[in-house]
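Let's walk through this structure together, starting from one charged side chain and working towards the fold around it. Keep the sequence and the 3D view at hand.

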Amino acid sequence: MKTLILGFLTSMAMIAGANAASITNKDAQPQVLIVTEAGNKIEMVVEAGATVSFCPAGCFVTMPSGDRETFAGSESIEIINGAAVIK
């Protein structure tokens, strides 16, 4: 199921092109984010060392720490020691 969700999000990111947010997991273990886009909640797993594009048209994201952020779709985020750093 996680692979299916990750594949779906990757496909959506390809359609959106450069107008999507991206997240890079710099931790040694996978991190789970909850992405709410257009009223739909999706659990997104970002594997260790991976970068994933998502949120092409704005969304809310619940970070691994439990913090909730709003994204327009152009942000670059890094997960370092379980915390999100927005650039």
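Lys87 has a relative accessibility of 59%, so Lys87 counts as exposed. In this predicted model, Lys87 forms a salt bridge with Glu78, and the closest N and O atoms lie 3.1 Å apart. Glu78 has another partner too: its side chain meets that of Lys26 in a salt bridge, at 3.4 Å from N to O. Salt bridges with shared partners thus join Lys26, Glu78 and Lys87 into one network, and the structure holds two salt bridges. As a general background, side chains of opposite charge can pair when their charged atoms come close.

How do the members of this network sit with respect to the surface, buried or exposed? Because its relative accessibility is 14%, below the 20% limit, Glu78 counts as buried. Lys26, by contrast, is at 51%, so Lys26 counts as exposed, the class that also holds Lys87. The pair of Glu78 and Lys26 links distant parts of the chain, 52 residues apart: Glu78 belongs to strand S7 (residues 76-80), while Lys26 sits in the loop between strand S1 (21-25) and strand S2 (31-37).

From Glu78 we can move on to the sheet that contains strand S7. Four strands form an open sheet with mixed pairing, in the order S4-S1-S7-S8. Strand S4 (51-54) and strand S8 (83-86) stand at the edges with a single partner strand each, so one side of each has no neighbour in the sheet. Ignoring direction, neighbouring strands of this sheet are turned by 25° against each other on average. S7 and S8 are antiparallel and pair over four bridges; in one of the pairings, Ile79 has Ala84 in S8 as its bridge partner. In general, the strands of a sheet pair through backbone hydrogen bonds, either parallel or antiparallel.

Next, look at the nonpolar interior. The largest nonpolar core has 15 residues, and those that touch the most other members are Ile23, Leu33, Met44, Phe54, Cys59, Val61 and Phe71. At least two residues of this core come from each of S1, S2, strand S3 (40-46), S4, strand S5 (59-62) and S7. Leu33 is a good place to pause: leaving aside residues up to four places away in sequence, Leu33 touches Ile23, Ile42, Glu43, Met44, Val46, Val61, Thr62, Met63, Pro64 and Ile79. More broadly, nonpolar side chains in soluble globular proteins tend to be buried together.

Cys59, one of the core residues just named, brings us to the disulfide. Which cysteine is joined to Cys59? The partner is Cys55, with an S to S distance of 2.2 Å, and a search of the whole structure finds one disulfide. The torsion about the S-S bond of Cys55 and Cys59 is about -120°, so this disulfide is left-handed. Cys55 is buried, with a relative accessible area of 1%, and Cys59 counts as buried at 5% relative accessibility.

Finally, step back to the whole chain. The protein has one helix and eight strands, which run α-β-β-β-β-β-β-β-β from the N terminus on. Of its 87 residues, 34% count as buried. Among contacts between residues at least 6 apart in sequence, 48% join residues at least 24 apart.

Note on methods. Residues numbered from 1 in each chain as written. Predicted model: local features only at pLDDT ≥ 70, side-chain atom pairs only at ≥ 80, totals over all residues. Heavy atoms only, no water. Disulfide = S-S within 2.5 Å. Buried < 20%, exposed > 50% of the residue type's maximum accessible area, 1.4 Å probe, protein only. Salt bridge = Lys/Arg side-chain N within 4 Å of Asp/Glu carboxyl O. Pairing = 2+ DSSP bridges. Axes fitted to C-alpha atoms, helices over the stretch in contact; angles between N-to-C directions. Core = buried A, V, L, I, M, F, W, Y, C linked by side-chain atoms within 4.5 Å. Contact = heavy atoms within 4.5 Å.
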